Amino acid sequence: MTDVPVVTAENIISIIQKAIGDHKENAAKIQELFDFEEGFQPLQRVKVYRSDIDIDVTDNVANEIVEFKVALNYGNPISFKKRGSVDGMIEAIEMWNDQYFLTDSDSSNQELARDFEICGIGNVFIDINTDYEEGDSYYTRTILNPRTSFVIYSSYYYDRRPMVGVTFRKDSDGVTHYTAFSKDFRFEIKYWIIQNPGKEDEPVWAHEDRSGEVNPLHAIPIIEYFRSYDRMGCFERQIPAMNNLNLLVSDFSNDVDQNTQVVWWANDCEFETMQVVNEDGTVTEQVKHPKSNEWLQTFTTRDGKIPKVQPLIVNYDYAGMLNNYMSQRALILQKCNVPQRNDNSGGSTGVAMSDATGWSAADIAANKEEMIISKSIRREIKVICAAIRESACPLDSPLRKIKPSDIEPSIKRQKNYELSVKTTAISNLINIGFSLEDTLDAVPLFPDPAQVIERSKEGVEAYQKTKLKQSEKSEGKEATPGSDDPIYQIENSPNIDGMNKDNGEEDEN
């Protein structure tokens, strides 16, 4: 946070210096979360009994949760569609989606989603494509490492608007280079000095050539994405439960191994002795104790007692321990809104099973997350519009006419079992007269609705007109015996007046 009302060359260094301490603390926590998701989950205990058997098992539930969230929430390409009642934008939106695809958005969105699902935040950098060639996108879209990039927000303005976007790197000599973007300027900073300041009235945009130059986008090109307003990862709240789960399965594995490598307990036994020569030449007699995987021979003692030998073990309820482990694991997944992967109720399908197995809860959580990240997507749309205006895009291109208020993101979560439901819904809506645009807004099915609308709108409208004419004709015509329409079959019905008619004349009664 910063409380300055305006970012300038005079205060940019002090702003970053005050914020870098908070970022380093955040970056350390981010690294811990990445390590935890990768499987670095040390047990929270020191084994005292049988310390020679200390099995450390990691059931990496965190990775399972992250992989599911990324696959469900962002497993389909994000596209953009017309917003509201804007007319004449189909071609422009189709071009917008093509440009977005050319930035490798499909793979980069997976990288971005993985970042903010693990640590709660992710950063995107939008820039003009200064190396544009025909067939390329007019802008570039890069996913920044959240450990080396951050956004500074305002504590001066009530809306907490973003004031500075920062990314940094270290060179081979260990010197940190900061690149900072305000709404108006771009700065390169090294040794806490603004490097090679250029002319503030000359809007040139090149990597590290100059600094202090005008930001032609007039928007902060680093956009922070977050999945929740507390900036927490999808599994972060369940880390104590996961540590306990790892301890449970590790202790279970230790017990199995300890029963294999048992300690012998002997009662009323006489063991074989052996002579041991000491360093000083003396001889002592030692009892030869049994070891694991060795034969053990016992003898009845001199006073007639029967020897007894058995392994020294603790008898566990193994079935109960396994059930406890499975229930604890299922509870963690449930709290993270990850549904069950199998159906134990005999193959039931439909809404009831979706609720019972947790898929409905997963959809609700995904909808909430979608609404939160839509704020960041709208900020990104604004920056992309600015980058297109300053790029090599032709002056007469429809892309230049798009404003941030004209489009909105279309995020789809496609499930195969919903395909028949969605196609039926689309058919029903079109049959009762809904436009193709409104139908595809209500029922997300296609990766790029704009292309579907362009290719299919004419056919859908022709079908609706034909259906309307048939309906009007059917409503306006007179009843004709033998008509195929069921409402005109009264004469042929033995139950509805048909039996009371003779040669078309009504019965006197």
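Here are some short exercises with worked solutions on a predicted model of a protein chain.

**Exercise 1. Get an overview of the chain: how many helices and strands does the protein chain have, and what share of its residues is buried?**

Start with the secondary structure: the protein chain has eleven helices and 17 strands. Next, take burial. The chain runs to 509 residues, and 40% of them count as buried. Finally, look at contacts with a separation of 6 or more: residues 24 or more positions apart account for 65% of them.

**Exercise 2. Check the length of helix α3 against the expected span, then list its buried residues.**

Step one: α3 covers residues 90-102, which is 13 residues. Step two: the rise is 1.5 Å a residue, and the expected span is that times one less than the number of residues, so α3 should span 18 Å. Step three: its end C-alpha atoms are 19 Å apart, which agrees. For burial, go through the helix and you pick up Ile90, Ala92, Ile93, Glu94, Trp96, Asn97, Gln99 and Tyr100. After α3 comes Asp104, with a positive phi near 60°.

**Exercise 3. Do the same for α4, and work out whether Ser105 is buried or exposed.**

With 14 residues, α4 reaches 20 Å from its first C-alpha to its last, close to the expected 20 Å. Now for Ser105, which sits in α4. The cut-off for buried is under 20% relative accessible area. Ser105 has 2%, so it is buried. What does it touch? Skipping neighbours within four places in sequence, Ser105 is in contact with Tyr100 and Arg141. Other buried residues of α4 include Leu112, Ala113, Phe116 and Ile118. Just past the helix, Gly120 has a positive phi of about 100°.

**Exercise 4. How are helices α1 and α4 arranged, and which residues make the contact?**

First, the geometry: the axes of α1 (residues 12-38) and α4 (residues 105-118) come within 9 Å and cross at roughly 105°. That angle makes α1 roughly perpendicular to α4, because 65 to 115 degrees is the range for that class. Second, the residues: α1 brings Leu33, Phe34 and Glu37, which meet Arg114, Asp115 and Ile118 of α4. Sort the residues of this contact by type and you get three nonpolar, no polar and three charged.

**Exercise 5. Find the residues that touch the most other members of the largest nonpolar core.**

A handy bit of background: in soluble globular proteins, nonpolar side chains tend to be buried together. Here the largest nonpolar core holds 64 residues, and the ones touching the most other members are Ile65, Trp96, Ile126, Tyr225, Phe235 and Ile402. Helix α8 (residues 359-389) gives the most to this core, with eleven residues. Now zoom in on Ile65: leaving out residues up to four places away in sequence, it touches Cys234, Phe235, Met242, Ile332, Leu333, Cys336 and Val338. Apart from this core lies another, of 21 residues, including Val7, Ile13, Tyr178 and Ala180.

**Exercise 6. Where are Arg231 and Asn337 found, and what is the phi of each?**

Recall that most residues other than glycine have a negative phi. Arg231 has a positive one, near 55°. Arg231 lies in the loop between β10 (222-226) and α5 (239-260), and its 31% relative accessibility counts as partly exposed. Asn337 also has a positive phi, near 60°. Its place is the loop between α6 (318-335) and α7 (351-357). At 27% relative accessibility, Asn337 is partly exposed.

Note on methods:
Residues numbered from 1 in each chain as written. Predicted model: local features only at pLDDT ≥ 70, side-chain atom pairs only at ≥ 80, totals over all residues. Heavy atoms only, no water. Helix = DSSP H or I, 4+ residues; strand = E, 2+ residues; numbered from the N terminus. Buried < 20%, exposed > 50% of the residue type's maximum accessible area, 1.4 Å probe, protein only. Axes fitted to C-alpha atoms, helices over the stretch in contact; angles between N-to-C directions. Parallel < 35°, antiparallel > 145°, perpendicular 65-115°, else oblique. Contact = heavy atoms within 4.5 Å. Nonpolar A, V, L, I, M, F, W, Y, C, P; charged D, E, K, R; others polar. Core = buried A, V, L, I, M, F, W, Y, C linked by side-chain atoms within 4.5 Å.
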